[in-house]
Amino acid sequence: MSANATAEPPSKELLEFADYLYKPAKSGLRAREGVLNGRRVQFFKGKSALNALTKGEDGKTAKFASREEAIEWIQELLDFQLVVRCDKEGEASRQMRINPVQSFEEETYYAWLYEGSQLMIILGGIGVVAVVLAGVMFPLWPAILRNGTWYLSMLALGLLGLLFATAIVRLIVYVITVLVAPQGLWIFPNLFEDVGFFESFVPFHEWEQPKSAQPAAASAAPAVADDATAATSEKKVN
């Protein structure tokens, strides 16, 4: 370890760089989850970090023009123990152990000890305490606020009940159509898909595609092509 790790705290510029690299939304570096000394950590490969900093990942602009400059900054992260060089205990294992040599190499792994800004955690804690206190003091609220809260809770329960009712109805319709028709009919087929709110209700209904339709179409295409080739060859012979 470098003496910088204990001699002085990291500079503001280095912390800003660590925050930039730590957040995928800024750098495009995608970290994976591992276990180091019984603690869950995020880790990345040195080569991936260099690519994110010099080439730009996920459409991000490159932060450094040269790999040498990027390596110097990552080495600073190592010196101040914001990241630590690790080895995987197995190729497919997520168990990590600290490498005694804390120098940067492209083909090795690095685990984050830096956890980002604590501001959101502090604000979240304050928010939880505020919500608990507000709930405890509910009897002291003005009548208009208590009534408004009751109406909002009833509205939320109504929407939740409507969602469950829709899910049950669409399942019943699907089962009935499967029994009487070759294909099942889904109402709101995108209701539970990973799409936006409004897209979940479009289209209103859709027939289920049979599983054998796509493979059959794919196998029919070569057959048609073979028939066309055979017909052409026969014409040439004639």
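In the hairpin of this predicted model, Val35 faces Arg40 of strand β2. The partner strands here are β1, residues 32-36, and β2, which run antiparallel and are joined by five bridges. Two residues separate the strands of this hairpin. One of the turn residues is Asn37, which has a positive phi of about 55° although it is not a glycine. Asn37 belongs to the loop between β1 and β2, and its relative accessible area of 68% makes the residue exposed.

Strand β2 also has a partner in β5. These two strands pair in the antiparallel sense, over three bridges, and Phe43 is found opposite Ala111 of β5. A further antiparallel pairing links β3, residues 83-88, with β4, residues 95-98, again by way of bridges, three in number. In that pairing, Cys86 stands across from Ile98 of β4. Taken as a whole, five strands close into a barrel, following the order β1-β2-β5-β3-β4, with mixed pairing. Averaged over this sheet and with direction ignored, neighbouring strands are turned by 55° against each other. As general background, strands of a sheet pair through backbone hydrogen bonds, in either a parallel or an antiparallel manner.

Within the barrel, strand β5 offers a residue worth a closer look: Tyr110 is located there. Tyr110 counts as buried, with a relative accessibility of 0%. Once neighbours within four places in sequence are left aside, the contacts of Tyr110 include Gln42, Phe43, Phe44 and Gly46. Also in contact with Tyr110 are Leu78, Val84 and Arg85, together with Ser103, Phe104 and Glu105. Ala31 lies 79 residues away from Tyr110 along the chain, yet the C-alpha atoms of the two are separated by 9.6 Å.

Attention now turns to the helices. Helix α5 lies across β3 and β5, and its direction makes an angle of about 90° with β3. Helix α5 also packs with a second helix. Two packed helices are described by the angle between their axes and the distance between the axes. The axes of α4, residues 46-54, and α5, residues 67-79, come within 10 Å and cross at roughly 120°. The crossing angle makes α4 oblique to α5, and the crossing of α4 and α5 is right-handed. On the α4 side, the meeting residues are Ala49, Leu50, Asn51, Leu53 and Thr54, while α5 contributes Arg67, Ala70, Ile71 and Ile74. Sorted by class, this contact comprises six nonpolar residues, two polar ones and one charged one. As a general point about helices, an α-helix has 3.6 residues a turn, so residues three or four places apart point the same way.

How much of α4 is buried? Seven of its nine residues are, so helix α4 is largely enclosed by the rest of the structure. The buried set consists of Gly46, Ala49, Leu50, Asn51, Ala52, Leu53 and Thr54. Those buried residues pack against helices α2 (12-22), α3 (24-27) and α5, and also against strands β2 (39-45) and β5 (109-112). Gly46 of α4 thus appears again, having been listed among the contacts of Tyr110. Beyond α4 comes Gly56, with a positive phi near 85°.

Further along the chain, the loop between β6 and β7 holds two notable backbone features. Pro203 is placed in this loop, which connects β6 (185-187) and β7 (205-207). The peptide bond from Val202 to Pro203 is cis, and its omega is near -5°. Phe188 is located in the loop between β6 and β7 as well. Phi of Phe188 is positive, near 50°, in a residue other than glycine. Is Phe188 buried or exposed? With a relative accessible area of 17%, Phe188 is buried, whereas Asn37, which also has a positive phi, is exposed.

Some overall figures complete the picture. The protein contains eight helices and seven strands. Of its 238 residues, 24% are buried. Among contacts between residues at least 6 apart in sequence, 53% join residues at least 24 apart.

Technical notes: Residues are numbered from 1 along each chain as its sequence is written. This is a predicted model: local features need pLDDT of at least 70, side-chain atom pairs count only at pLDDT 80 or more; totals for chains, interfaces and linings use all residues. Side-chain values use heavy atoms; hydrogens and water are left out. Axes are lines fitted to C-alpha atoms, for helices over the stretch in contact, and angles run from 0 to 180 degrees between N-to-C directions. Helices (H or I, at least four residues) and strands (E, at least two) are DSSP runs, numbered from the N terminus. Angles under 35 degrees count as roughly parallel, over 145 as roughly antiparallel, 65 to 115 as roughly perpendicular and the rest as oblique. A crossing is left-handed if the near helix is turned anticlockwise from the far one by less than a right angle, and right-handed if clockwise. Contact means heavy atoms within 4.5 Å. Ala, Val, Leu, Ile, Met, Phe, Trp, Tyr, Cys and Pro count as nonpolar, Asp, Glu, Lys and Arg as charged, and the others, Gly among them, as polar. Buried means under 20% relative accessible area, exposed over 50%, partly exposed in between (1.4 Å probe, protein chains only). Two strands pair if DSSP finds at least two bridges between them.
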